[in-house]
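Subject: Structure for you to look through

Hello,

I am handing over the structure we talked about, and below it you will find my notes on what turned up in it. Please keep the model open while you read, so that you can find each place for yourself.

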Amino acid sequence: MENIAIVNDIDNNIVNSILFISSKSEYISLSENNLKQYIKDEYHKVIIIKNNNEIKGFLIYFLLAPEIDIIFIAVYPNNKGYGSKLLSYLFDDAKANNVNSIKLDLYENNITAKNFYIKNGFKKIAVRKKYYNDKFDALIMEKSI
Ligand SMILES: CC(C)(COP(=O)(O)OP(=O)(O)OC[C@H]1O[C@@H](n2cnc3c(N)ncnc32)[C@H](O)[C@@H]1OP(=O)(O)O)[C@@H](O)C(=O)NCCC(=O)NCCS
């Protein structure tokens with residue numbers, strides 16, 4: 001059975017699972033310290049999706065109405081709907097908080113994530129040249145709520 005939970009406290013099992021999932025992606029660099037700061041910070045939300053009590057994915061976002069910025073999303077394994085379910089929770093939270101715009105940036109060559117966001121209603125609004133490490137372009141995407 002699947003369920004989504006908000007992470008409000010630092011729990012080593014949860015922290016390690018999130019770091020394990022993020023380590024599977026070349027596009028995410030999330031340190032333990034950063035993750036703990038996100039968990040503690042009142043404007044950042046960390047949510048996880050579990051299947052039969054096993055953590056399969058996480059989403060970190062910054063909510064300051066009327067905007068949300070997606071910081072990181074990752075799942076393992078992928079293509080099983082976990083990412084879309086995390087976004088669906090996010091869309092409900094956006095509506096509940098009178099958010100009218102959700103934005104994110106991603107590596108332009110991260111085609112899987114780009115397709116995933118397009119499928120979930122995001123549109124490309126800009127490209128930032130050499131945004132990552134002064135080397136890789138970033139795609140800025142937005143979904144209006
Ligand atoms: C991006 C990501 C979160 C999507 O989550 P997911 O659970 O795999 O996605 P869902 O199953 O909900 O949605 C499936 C859609 O995602 C995309 N997708 C997911 N896996 C894919 C793959 N291996 N190849 C191509 N497209 C893929 C497709 O658009 C797919 O739709 P389709 O089946 O109609 O083609 C996941 O692939 C991931 O963790 N990627 C690594 C981390 C990352 O790059 N995060 C984004 C930057 S922070």
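Phe122 has its place in the loop between helix 4 and strand 6, and in this predicted model it counts as buried because its relative accessibility is 3%, where buried means under 20%. If you go from Phe122 to Ala96, you move 26 residues along the chain, and the C-alpha atoms of the two are separated by 19 Å.

The ligand comes next, and I would suggest spending some time on its surroundings. Which pocket does the ligand occupy? The space taken by the ligand is the largest pocket, and the elements that give two or more residues to the shell around the ligand are strand 4 (67-75), helix 3 (82-96) and helix 4 (111-119). Helix 4 provides the largest share of that shell, with 5 residues. In total, 19 residues surround the ligand, and the closest of them are Ile73, Asn79, Gly81, Ser84 and Asn110. When the shell is sorted by class, it holds 8 nonpolar, 9 polar and 2 charged residues.

Three side chains are worth selecting one after another, with the oxygen atoms of the ligand in view. An N or O atom in the side chain of Asn110 is 2.8 Å from an oxygen atom of the ligand, while for Lys119 the distance from a side-chain N or O atom to a ligand oxygen is 3.0 Å. For Asn78, a polar side-chain atom lies 3.5 Å from an oxygen atom of the ligand. Taken alone, the ligand exposes 920 Å², and the protein buries 76% of that area.

Then there are some places where the backbone deserves a careful look. Most residues other than glycine have a negative phi, and most peptide bonds are trans. Where, then, are the cis peptide bonds with omega of about 10° and about 5°? The bond with omega of about 10° joins Ala65 and Pro66, and Pro66 is placed in the loop between strand 3 (54-64) and strand 4. The bond with omega of about 5° joins Tyr76 and Pro77, and Pro77 lies in the loop between strand 4 and helix 3.

As for phi, Asn53 has a positive value of about 70° although it is not a glycine. You will find Asn53 in the loop between strand 2 (44-51) and strand 3, and Asn53 is classed as exposed because its relative accessible area is 65%, which is to be read against a limit of over 50% for exposed residues. Lys130, which is likewise a residue other than glycine, has a positive phi near 50°, but its place is in strand 6 (residues 123-132).

Finally, here are some pairs of residues that may help you to get your bearings, since they let you set a separation along the chain beside a distance in space. Val75 lies in strand 4 and is buried, with a relative accessible area of 19%, so this residue falls under the 20% limit for that class. The C-alpha atoms of Val75 and Tyr27 are 12 Å from each other, with the two positions 48 residues apart in sequence terms.

Is Tyr27 buried or partly exposed? Tyr27 is found in the loop between helix 1 (12-23) and helix 2 (32-40), and with a relative accessibility of 23% it counts as partly exposed. From Tyr27 you can also go on to Lys129, which is 102 residues apart from it in sequence and 17 Å apart in space, C-alpha to C-alpha.

The last pair starts from Asn13 in helix 1, which counts as exposed at 60% relative accessibility. Asn13 and Ile55 are 42 residues apart along the chain, and their C-alpha atoms are separated by 9.6 Å.

With best wishes

Conventions
Residues numbered from 1 in each chain as written. Predicted model: local features only at pLDDT ≥ 70, side-chain atom pairs only at ≥ 80, totals over all residues. Heavy atoms only, no water. Near = heavy atom within 4 Å. Polar contact = N/O pair within 3.5 Å; in protein donor to acceptor, adjacent residues only side chain to side chain. Areas by Shrake-Rupley, 256 points an atom, 1.4 Å probe, with all protein chains shown as cover. 1 Å grid on protein atoms, 1.4 Å probe; cavity = no way out; pocket = protein on both sides within 12 Å on 5 of 7 lines; lining within 4 Å. Sits in = over half its atoms within 2 Å of the grid points. Helix = DSSP H or I, 4+ residues; strand = E, 2+ residues; numbered from the N terminus. Nonpolar A, V, L, I, M, F, W, Y, C, P; charged D, E, K, R; others polar. Buried < 20%, exposed > 50% of the residue type's maximum accessible area, 1.4 Å probe, protein only.
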